[in-house]
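Thanks for coming. I will take a few minutes on one structure, and then we can discuss it.

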Amino acid sequence: MLGTGTSQGVPVIGCRCGVCLSPDPRDKRFRCAGLLSDGLTSVLIDCGPDVRQQLLRAGTTQLDAVVITHEHNDHIIGLDDLRPFIFRQRKPFLVYAEPRVQREIRERFAYAFAEQHYPGAPEFELRDLTPGEAVTVGTLPPITPLRVMHGPLPILGFRVSALAYLTDVKTVPPDTLAALEDLDHLVTSALHDHGHHSHMSIEEATAFAKTTDAGRTHFIHMSHLAPRHRDLEARLAGVAHVAYDGLVLRG
């Protein structure tokens, strides 16, 4: 778990709430991102504005591709920071995303796709993701995109072996529910205790977790309006767990 926070991160700039002032490092949250690795191949899930600090903190020296859930800034705006990997590998960096998301990437990083390439600019090779159609990167198990809904926006989650990673979720279609059987780890978003038009609340995420047979459920995409880590962990009482930046899940 490279990051487990919302689009503003935690602490929020200028906020004096109890969570933002908490001394507990588990209450310090970068924007949501994950890293899949088997020691030989590494794939990033999403690439937000904190990715440089996240990869430095994780000691990442090799990165083979990134898979993108959707086009919001907190999930793609850090793509330029992958330039060191591009320079070392001397080839365009693999970015897997839905065609709609690819169009957004081309617009926001137009300089990376210009006919007259500027020296030092990043280069990306965009490849399609389609719900239900697995992709394979290096030695990692197949990565299967799963359709979930971020309010009215269709986005992607991912299943890799017995791990499912679903962020920014409001509702989960029946086909995806069927694809979440036999999980060791379910990672899913739980924004805070209030209702929201495009994110599950903690109560909604808890109810969702109970519909699966996952061995352990881990909540991510937590706002500063959610309880402190230690308080929410106690409240959930084992039904789910509160993820934190730096958490490692082993399959």
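I will go through a sheet, some salt bridges and one threonine. Keep in mind that this is a predicted model.

Start with the sheet. Six strands make up an open sheet, ordered β6-β7-β8-β9-β10-β11, with mixed pairing. At the edges are β6 (143–150) and β11 (241–242); each has a single partner strand, so one side of each has no neighbour in the sheet. Inside the sheet order, β7 (residues 153–160) and β8 (residues 163–166) run antiparallel and are joined by three bridges. There, R159 stands opposite A164 in β8.

Now the charged pairs. How many salt bridges does a search of the whole structure find? The count is twelve, and I will show three.

One of them is between R31 and D50, at 2.6 Å from N to O. R31 sits in the segment before β1 (34–37) and D50 in the loop between β2 (42–45) and α1 (51–58), so this pair ties together parts 19 residues apart in sequence. Both R31 and D50 are buried.

Another joins E98 to R147, with the closest N and O atoms 2.7 Å apart. E98 is in the loop between β4 (93–97) and α4 (99–108), while R147 is in strand β6, so the pair connects parts 49 residues apart in sequence. E98 counts as buried at 8% relative accessibility, whereas R147 is partly exposed at 21%.

Then there is R235 with D193, also a salt bridge, 2.7 Å from N to O.

Last, the threonine. T212 lies in the loop between α6 (202–210) and β10 (216–220). Its side chain reaches the backbone oxygen of A209 at 3.0 Å and the backbone nitrogen of A214 at 3.4 Å.

How values were computed
Residues are numbered from 1 along each chain as its sequence is written. This is a predicted model: local features need pLDDT of at least 70, side-chain atom pairs count only at pLDDT 80 or more; totals for chains, interfaces and linings use all residues. Side-chain values use heavy atoms; hydrogens and water are left out. Helices (H or I, at least four residues) and strands (E, at least two) are DSSP runs, numbered from the N terminus. A polar contact is a pair of N or O atoms within 3.5 Å; within protein, one must be able to donate a hydrogen and the other to accept it, and residues adjacent in sequence count only if both atoms are side-chain atoms. Two strands pair if DSSP finds at least two bridges between them. A salt bridge is a side-chain nitrogen of Lys or Arg within 4 Å of a carboxyl oxygen of Asp or Glu. Buried means under 20% relative accessible area, exposed over 50%, partly exposed in between (1.4 Å probe, protein chains only).
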